[in-house]
Amino acid sequence: MDFGGGDEIRFERLGRAGVVTLTRPKALNAITHNMVKALGKALDAWEQDASINVVVVKAEGRAFSAGGDILQVYEAGRAGKPPVDFFADEYRLNARIARFRKPYVALIDGIVMGGGVGISFHGSHRIMTENAQFAMPEVGIGFFPDVGASHLLPDLGGSFGMYLGLTGARIRYGDALWSGLATHTIKAADQAGLLDELASSNDPNAELRDFFVPAKRETERQDLDSIARHFSQGTLAAVIASLEGAAGGDAFAEKTLAMMRSRSPTSLHVAWREIGAGLTLSMDDCMRMEFRILNRMLAGHDFYEGIRAAIIDKGSKPQWRPASLDAISEADIDSYFAPLGDRELGL
């Protein structure tokens, strides 16, 4: 089955299932433009194909997908040609997955971040094994939680989504299940067996019930209470003040504050507003909002500085501009959300 994508993504038919495999294990299955375009074509074909009951997305190697191929984005942006088209197609695909009319099963065994979240967590069934880890770490590279994070994160109870977006913290499969990010947890050893059953079944839900192994929450109750208390504040400044007030005798608040202080102040402001706004927006409107933000981020400073520090000059400290939360006005943040006129994302 050739929908394009070369050797980066594979499409197969297994019984009643259309199976997608991400095949860039050495690059931790980072998502490229080719992969986005090929997956979009496959979904168009398989949604119309009455002999396909379910789509399953999985990956080779130790990561499901560590995100978008940001080095490509960095190089193109530095050369004065920010790859807006890549993001436009990626965001269209995220919205396409959310409205896909058949069961869409993401089988996540290993790390899933950024762009990898975008091609998995908008589907109907999000399965994680004990090897899975989830994160939206964009604020750490001067970017923002995109690929539909503004639709996913606000729905998590106890302000857990706001916490994940503003810190970039990693969670395991138990926290993902309990927060509602994952729909099912299974044993890694059962993946092949589950795939075989899905391929021959008319009811993915019945098969998933048989393979489901409950996972316990990893985050302690007191820390969840702490997240709910601090991250439900009405402003970003109030979140910081709440954490500062608790930091003296609370190791979790101290660690959380330290994480946030290392992040891009601009990214924190944008993420705070975006996740708050996403609560009342449709998936399509979230993607339009994210595309507006994206265009401004690609024209700014912090994203390129964050990539430089994380990847080019590995382990160096990013010099964010502006360097503090207080140096950023409401009007500065408004500009990230302003309409794009004739450059709006067409869905």
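Select glutamate 47 to begin: at 10% relative accessibility this residue counts as buried, the cut-off for that word being under 20% relative accessible area. The model on your screen is a predicted one, and the tour moves from this residue to the sheets, then to one helix, and finally to some backbone details.

**Stop 1: glutamate 47 and its surroundings**

Widen the selection to residues 33-48 and you have helix α1, in which glutamate 47 is found. Which residues are in contact with glutamate 47, once its neighbours within four places in sequence are left aside? They are Arg96, Arg99, Phe100, Arg101 and Lys102, and two of these deserve a close view with side chains shown. The side chain of arginine 96 makes a polar contact with the side chain of glutamate 47, at 2.8 Å, while the backbone nitrogen of arginine 101 lies 2.7 Å from a polar atom of that glutamate side chain. For a sense of scale, draw a line from the C-alpha atom of glutamate 47 to that of valine 239, which is 192 residues away along the chain; the two atoms are separated by 44 Å.

**Stop 2: the six-stranded sheet**

Now switch to a cartoon view and colour the strands β1, β2, β3, β5, β7 and β10, which in the order β1-β2-β3-β5-β7-β10 form an open sheet with mixed pairing. The edges are taken by β1 (9-14) and β10, each of which has a single partner strand, so one side of each is left without a neighbour in the sheet.

Walk across the sheet from β3 (residues 54-59), which pairs with β5 in the parallel sense over three bridges; on this seam, valine 55 stands opposite tyrosine 104 in β5. The next seam joins β5 (residues 104-108) to β7, again in the parallel sense, over four bridges, and here isoleucine 108 can be found opposite methionine 128 of β7. Continue to β10 (residues 184-185), whose parallel pairing with β7 runs over two bridges, with isoleucine 127 standing opposite histidine 184.

Pause on β7 itself, residues 125-128, and show its side chains. Are the residues on its two faces buried or exposed? Both faces are covered, for His125 and Ile127 on one side are buried, as are Arg126 and Met128 on the other.

Two helices that lie across this sheet are worth adding to the view. Helix α8 (residues 191-200) lies across β1, β2, β3 and β5, and runs at about 160 degrees to β3. Helix α9 (residues 204-211) lies across β3, β7 and β10, and runs at about 20 degrees to β7.

**Stop 3: the four-stranded sheet**

Next, select β4, β6, β8 and β9, four strands that form an open sheet in the order β4-β6-β8-β9, also with mixed pairing. Its edge strands are β4 (63-65) and β9 (171-172), each pairing on one side only. Zoom in where β4 meets β6 (residues 111-113): the two strands run parallel and are joined by two bridges, and the bridge partner of alanine 63 in β6 is isoleucine 111.

**Stop 4: helix α10**

Select residues 221-230, helix α10, and highlight its buried residues, Asp223, Leu224, Ser226, Ile227 and His230. Looking down the axis of α10, you will find that these buried residues fall within an arc of 155 degrees, so they line one face of the helix. The general background is that an α-helix has 3.6 residues a turn, so residues three or four places apart point the same way. On the face of α10 turned away from its buried side are the exposed residues Arg221 and Gln222. To see what covers the buried residues, display the surrounding elements, which include α6 (160-167), α11 (236-247) and α12 (251-262).

**Stop 5: backbone details in the loops**

Select asparagine 29, in the loop between β2 (17-22) and α1; it has a positive phi of about 55 degrees although it is not a glycine, and at 0% relative accessibility asparagine 29 counts as buried. Valine 147, in the loop between β8 (133-135) and α5 (149-152), is another non-glycine residue with a positive phi, here near 45 degrees, and its relative accessibility of 1% makes valine 147 count as buried.

Finish at proline 322, in the loop between α15 (302-312) and α16 (330-337), where a cis peptide bond, with omega about -10 degrees, joins arginine 321 to proline 322.

Notes. Residues numbered from 1 in each chain as written. Predicted model: local features only at pLDDT ≥ 70, side-chain atom pairs only at ≥ 80, totals over all residues. Heavy atoms only, no water. Pairing = 2+ DSSP bridges. Buried < 20%, exposed > 50% of the residue type's maximum accessible area, 1.4 Å probe, protein only. Arc of directions from axis to C-beta. Contact = heavy atoms within 4.5 Å. Polar contact = N/O pair within 3.5 Å; in protein donor to acceptor, adjacent residues only side chain to side chain. Axes fitted to C-alpha atoms, helices over the stretch in contact; angles between N-to-C directions.
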